[in-house]
Structure formats: structure tokens, C-alpha cells
Amino acid sequence: MAGFQTDVLALEGWDHFYSGKVRDLYVPAGVSFQDTDRVLVVASDRISAYDFVLTSEIPDKGKVLTQLSLWWFEQLGDFANHVISTEVPAEVAGRAMVCKKLEMYPIECIARGYLTGSGLAEYKVSSTVCELPLPAGLVDGSRLEPALFTPSAKAEVGEHDENISFEQTVDRVGTQVAEALREKTVALYEQAEKIARERGIILADTKVEFGADPATGQITLGDEVLTPDSSRFWDAQSYAPGQAQASFDKQFVRDWLTSQASGWDKTSGQQPPALPAEIIEKTRARYIEAYERLTGRTFTA
């Protein structure tokens with residue numbers, strides 16, 4: 001299994017196994033991945049955009065994502081999740097979780113409650129989002145009711161995720177699992193959207209991942225959940241359909257990368273440039289604001 005090549009920490013009691021775009025996985029020391037039932041998931045400060053891992057990091061991002069995921073797991077108690085413990089090595093305290101090793105489904109489960117981003121671009125051409133027909137007259141930021149389930153096929157690091165139809169999802173995981181993933185994804189989105197709205201945040205869309213618990217077969221929520229890396233958060237107070245929305249996620253980084261200031265062409269296949277210090281700091285501030293507004297807690301590094 002190919003992964004992202006990066007320097008990894010030596011952690012007592014754990015052996016490094018794999019690095020994704022922003023997370024590093026460890027297994028208990030001396031135990032193979034095949035033989036373990038648990039993994040240590042460490043969130044780094046790396047940030048990805050347009051399927052590239054940027055050379056710049058966002059300070060404290062790993063802690064924000066981990067702490068926010070843990071808070072959401074608490075709020076979403078109706079959904080089984082993979083967290084076992086937060087008792088982790090001191091070197092990664094606050095940004096790591098001991099989790100069940102799941103048999104992950106090769107599907108990015110995406111729920112879209114508002115029209116924007118790549119969905120808006122497709123809609124302007126064909127009045128569809130991921131081939132699902134939508135009514136005429138929608139604009140950037142229009143609410144979609146009910147929320148859409150728009151899965152994608154999970155790609156290896158460095159490759160592009162591919163939007164797929166529900167029928168193609170069935171081909172990959174079977175009808176029963178595909179229907180369960182759709183039901184759980186939309187239900188999770190709807191529950192989280194209400195929680196976020198009560199805190200002045202609009203959850204426009206989100207990506208979640210599920211796997212089967214090898215011990216029980218239960219479909220279980222894994223990876224991260226409802227973070228600025230995996231979701232699009234908007235400020236409810238300034239929300240207005242028909243325009244770009246003020247966001248608390250990495251859209252800020254995407255916008256800079258595609259601006260004239262960066263000098264980068266996202267279709268070039270070339271590695272994006274390093275982020276300016278101002279963009280790094282403003283991105284960090286947005287992630288922390290999302291955490292604090294959602295949880296009501298003060299973030300401490």
C-alpha cells in the first residue's frame with residue numbers, strides 16, 4: 001500500500017505503518033498490521049489541497065482536527081465510531097487516538113446540503129450534481145433539500161478521488177452496504193447540520209468514511225469527522241445565496257492557490273507553491289475559530 005513519504009516520529013510501544021496525506025498510522029510494536037485489532041492514528045499539521053500535500057504546514061492543525069473529531073464523536077452517539085482511547089504517547093498528546101482497526105470501505109461518503117464548489121460547476125453545465133438532477137434556478141449557496149449523497153472512489157495518495165454514481169458504489173461494496181452508507185451519511189449530516197446551525201455555523205457539505213468492525217461486522221465511523229479538513233463550514237450570520245460564503249475551512253487555502261498571487265496552475269500537475277506566512281496564520285485562525293464556535297471551548301495548543 002503506497003503512502004505519503006514523510007519523516008515520522010519514533011513512538012515507544014508503537015511501530016509506524018503508513019502515512020496518508022495528513023495522518024500517520026502506527027501499530028503496536030512487534031505486531032503486524034494483519035494481526036492487530038487497533039491502530040494509533042496521529043494527525044499531523046500537514047495540509048492537502050487539490051490532491052497535493054503542500055510543503056507548508058499549519059501549526060496546531062493536528063490538534064484542532066483531533067479534538068474537534070473527538071467532540072463530534074461525542075455528539076453523534078447514535079453512530080458507532082472507531083475510538084478506543086486517547087491515552088497516547090506524550091509526544092503526540094492531543095493529536096492522536098487509539099482506534100479500532102476497521103476494514104475500511106473504498107468509498108468517500110459525501111453529503112451535500114448546499115450547492116457550491118465542484119457541484120456548482122457541474123450544475124452550471126448540466127443542472128446536475130454527480131449526475132443527480134436538480135431543479136433550475138439554483139445559485140452558489142442554494143440549500144439542497146434533502147441533502148445529496150454523492151460518493152467518490154477513494155484514491156491512493158497522489159491520485160485523484162473519482163466521483164462515482166450510486167450504482168458504481170453498489171458495484172464496489174454491494175447493495176446492502178451501499179444503501180447503509182447512503183442512509184448513515186445523510187442522517188449524520190442532517191444531525192450535525194442542526195448542531196452546527198445552533199452555534200451559528202452552516203455545514204454546507206461533509207465527507208465521512210466508514211469501515212466494518214472485524215469483530216462484529218458493524219458499519220463504523222472512522223478517520224476524522226466534521227472537521228475543517230473534511231467539511232465546508234460557513235458563517236451563518238453572513239450567509240447569502242448567490243455569492244461565495246465566508247468559510248472556516250481550507251477553502252481559504254484553495255482560494256489563494258488558485259489566485260494570481262500564487263502563480264500556480266492547478267491543471268499543470270506541478271506541486272503547489274509554499275504558502276505565505278500570512279495565509280498560514282489566517283488558516284490556523286480559521287481552524288481554531290471553527291473549533292471554538294462549534295464546541296464552545298477555548299483551544300489550547
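The expected span of a helix is taken here as 1.5 Å multiplied by one less than the number of its residues, and this yardstick is applied below to two helices of a predicted model.

**View 1. The whole protein chain of the predicted model.** The protein chain contains six helices and 17 strands, and its C-alpha trace spans about 60 × 50 × 40 Å along the principal axes. Because a compact globule of 301 residues would have a radius of gyration near 19 Å, the 19 Å found for the protein chain agrees with that expectation. Of its 301 residues, 50% count as buried, and among contacts in the protein chain with a separation of 6 or more, 61% are between residues 24 or more positions apart.

**View 2. The open sheet of five strands, in the order S1-S2-S3-S7-S6.** The pairing in this sheet is antiparallel, and its edges are formed by strand S1 (14-19) and strand S6 (83-85), each of which pairs on one side only. Averaged over the sheet and with direction ignored, neighbouring strands are turned by 40° against each other. Within the sheet, strand S3 (residues 38-43) and strand S7 (residues 96-100) are joined in the antiparallel sense by five bridges, and Val-41 stands opposite Met-97 in S7.

**View 3. Helix H1 (residues 61-75) packed on the sheet.** Helix H1 touches strand S2 (23-28) as well as S3, S6 and S7, and its direction makes about 45° with that of S7. The 15 residues of H1 should span 21 Å at 1.5 Å a residue, and because its end C-alpha atoms are 21 Å apart, the helix agrees with the expected value. Eleven of these 15 residues are buried, so H1 is largely enclosed by the rest of the structure. The buried residues of H1 include Trp-71, Trp-72 and Phe-73, together with Val-64, Leu-65, Leu-68 and Leu-70, while Lys-61, Gly-62, Thr-66 and Ser-69 are buried as well.

**View 4. Val-88 in the loop between S6 and S7.** With a relative accessibility of 19%, Val-88 counts as buried, because the limit for that class is under 20%. Leaving aside residues up to four places away in sequence, Val-88 touches Leu-40, Ala-93, Ala-96, Met-97 and Val-98. Leu-11, although 77 residues from Val-88 in sequence, has its C-alpha 9.5 Å from that of Val-88.

**View 5. Cysteines without a disulfide.** A search of the whole structure finds zero disulfides. The sulfur of Cys-99 has its closest cysteine sulfur in Cys-109, at 17 Å, which is too far for a bond, because a disulfide requires two cysteine sulfur atoms within 2.5 Å. For Cys-130 the closest cysteine sulfur is again that of Cys-109, here at 13 Å and likewise too far for a bond. Cys-99 is buried at 0% relative accessibility, and Cys-130 is also buried, with a relative accessible area of 12%.

**View 6. Helix H4 (residues 175-197) and its buried residues.** From its first C-alpha to its last, the 23-residue helix H4 reaches 33 Å, close to the 33 Å expected at 1.5 Å a residue. Among the buried residues of H4 are Val-177, Leu-181, Val-186, Leu-188 and Ile-195, and these are accompanied by Ala-178, Ala-180, Ala-192 and Ala-196. Thr-185, Tyr-189 and Glu-193 in H4 are buried too. In general, an α-helix has 3.6 residues a turn, so residues three or four places apart point the same way.

Note on methods
Residues numbered from 1 in each chain as written. Predicted model: local features only at pLDDT ≥ 70, side-chain atom pairs only at ≥ 80, totals over all residues. Heavy atoms only, no water. Buried < 20%, exposed > 50% of the residue type's maximum accessible area, 1.4 Å probe, protein only. Pairing = 2+ DSSP bridges. Helix = DSSP H or I, 4+ residues; strand = E, 2+ residues; numbered from the N terminus. Axes fitted to C-alpha atoms, helices over the stretch in contact; angles between N-to-C directions. Contact = heavy atoms within 4.5 Å. Rg over C-alpha atoms; globule rule 2.2 N^0.38 Å.
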